[in-house]
Amino acid sequence: MEYIDIFITSFKDYARYVGNEVFNPHWGNYLYWLIGISIFFYALELTMPWRKDQPKIRKDFWLDAFYMFFNFFLFSLVGYYAISNVFVELFNDFLGLFGIENLVAIEINTWPVWTQLLTLFILRDFIHWNVHRLLHTVPALWEFHKVHHSVEQMGFAAHLRFHWMETIVYRTIEYIPLAMIGFGIQEFLLVHLFALAIGHFNHSNILVPLGPFKYIFNNPQMHIWHHAKHIPSKTGVNFGISLSIWDYIFGTNYIPKDGRDEPLGFDDMDKFPSELKDQLIYGFKRRKEK
């Protein structure tokens, strides 16, 4: 009954949260930050496009726009938030059997705010870089990740076109290491918004030379090669999410030339479904067919 109560309470709490996000704009409102950051990068694409021949409303623009809101709000609203809270409680109860009351190993909330933000940002990004590599190297996960790589014309909204199973994979793997540093929700929001902006930037149809900072931060001219159809590695290149430095450190960087007009996607793109309903179940259906 305890877990059922957690599920019901969490479901109601998230529904109230979504309603509050929609009807009560404020500085900590993630919905309107998402909209504002998206409008900013779309404006840059319209005024200073890198691929000038690409349509202003590119192929699958509205599909990607839907994914943006589905992956951050609707997916949690239909049950993910409630179910994940139940699993967290189950996991905590399991730890309790061994006398472990919490996972916090480093109390970073006692550090200066800037060091908290920097630590959370770097640790989270390194975890995501490793998870991203798994999505490319584990065949079952790659089937889900194909949704993101089905983009044929790059734009900011492509950042958030991804299969809902990726949310489960990322959150599951990052839970323990992030829980061990005891960060606050306000710090997490700031780091997440910064990462969101960089992710939009990486996928945008713009050219902004970063000079030597390209070896630290991901950018459109690097990330376009991650989505390129023809690359030397079957398991992918340029896995950086916010930071490109991991690829340079571990030798997965690849920028052979200006990739502005590189064809995007993967082999057998013609067999990949274009309908949203088919994409949402693609990873499961594809493996069943095999």
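Buried means under 20% relative accessible area, exposed over 50%, and partly exposed in between, with a 1.4 Å probe and protein chains only. The model is predicted, so local features need pLDDT of at least 70 and side-chain atom pairs count only at pLDDT 80 or more, while totals for chains, interfaces and linings use all residues. Residues are numbered from 1 along each chain as its sequence is written, and side-chain values use heavy atoms, with hydrogens and water left out.

**Exercise 1. Classify the packing of helix α5 against α6.**

Solution.
Step 1. Helices (H or I, at least four residues) are DSSP runs numbered from the N terminus, as are strands (E, at least two). Helix α5 spans residues 139-149 and helix α6 residues 164-179.
Step 2. Axes are lines fitted to C-alpha atoms, for helices over the stretch in contact, and angles run from 0 to 180 degrees between N-to-C directions. Here the angle is about 120 degrees, and the axes are 8 Å apart.
Step 3. Angles under 35 degrees count as roughly parallel, over 145 as roughly antiparallel, 65 to 115 as roughly perpendicular and the rest as oblique. Therefore α5 is oblique to α6.
Step 4. Contact means heavy atoms within 4.5 Å. On the α5 side it is made by Leu141, Phe144, His145 and His148, and on the α6 side by Met165, Glu166 and Val169.
Step 5. Ala, Val, Leu, Ile, Met, Phe, Trp, Tyr, Cys and Pro count as nonpolar, Asp, Glu, Lys and Arg as charged, and the others, Gly among them, as polar. The α5 and α6 contact residues divide into four nonpolar, two polar and one charged.

**Exercise 2. Do the equivalent for α4 and α5.**

Solution.
Step 1. Helix α4 (residues 113-137) packs with α5 at an angle of about 105 degrees, with the axes 6 Å apart. That makes α4 roughly perpendicular to α5.
Step 2. From α4 the contact takes His132, Leu134, Leu135, His136 and Thr137; from α5 it takes Pro139, Leu141, Trp142, His145 and His149.
Step 3. These contact residues divide into five nonpolar, five polar and no charged.

**Exercise 3. Describe two aromatic pairs that involve helix α5.**

Solution.
Step 1. Rings of Phe, Tyr and Trp (its six-membered ring) pair if their centres lie within 6.5 Å; planes under 30 degrees apart count as stacked, over 60 as edge-to-face and the rest as tilted. The whole structure holds 31 aromatic pairs.
Step 2. Trp142 and Phe266 have ring centres 6.0 Å apart and planes at 80 degrees, so they are edge-to-face. Trp142 lies in α5 and Phe266 in the loop between α9 (245-250) and α10 (276-280), 124 residues apart. Phe266 is buried, at a relative accessible area of 7%.
Step 3. Phe144 and Phe284 have ring centres 5.0 Å apart and planes at 65 degrees, so this pair is also edge-to-face. Phe144 is in α5 and Phe284 in helix α11 (residues 282-289), 140 residues apart.
Step 4. Phe144 is buried, with a relative accessible area of 3%, whereas Phe284 is partly exposed, at 35%.
Step 5. Both Phe144 and Phe284 belong to one aromatic cluster, which also includes Phe66, Phe70, Phe75, Tyr80 and Trp164.

**Exercise 4. Locate Asn238 and Asp268, and state the phi of each.**

Solution.
Step 1. Most residues other than glycine have a negative phi.
Step 2. Asn238 has a positive phi, near 50 degrees. Asn238 sits in the loop between α8 and α9 and is buried, with a relative accessible area of 1%.
Step 3. Asp268 has a positive phi of about 65 degrees. Asp268 sits in the loop between α9 and α10 and is partly exposed, with a relative accessible area of 43%.
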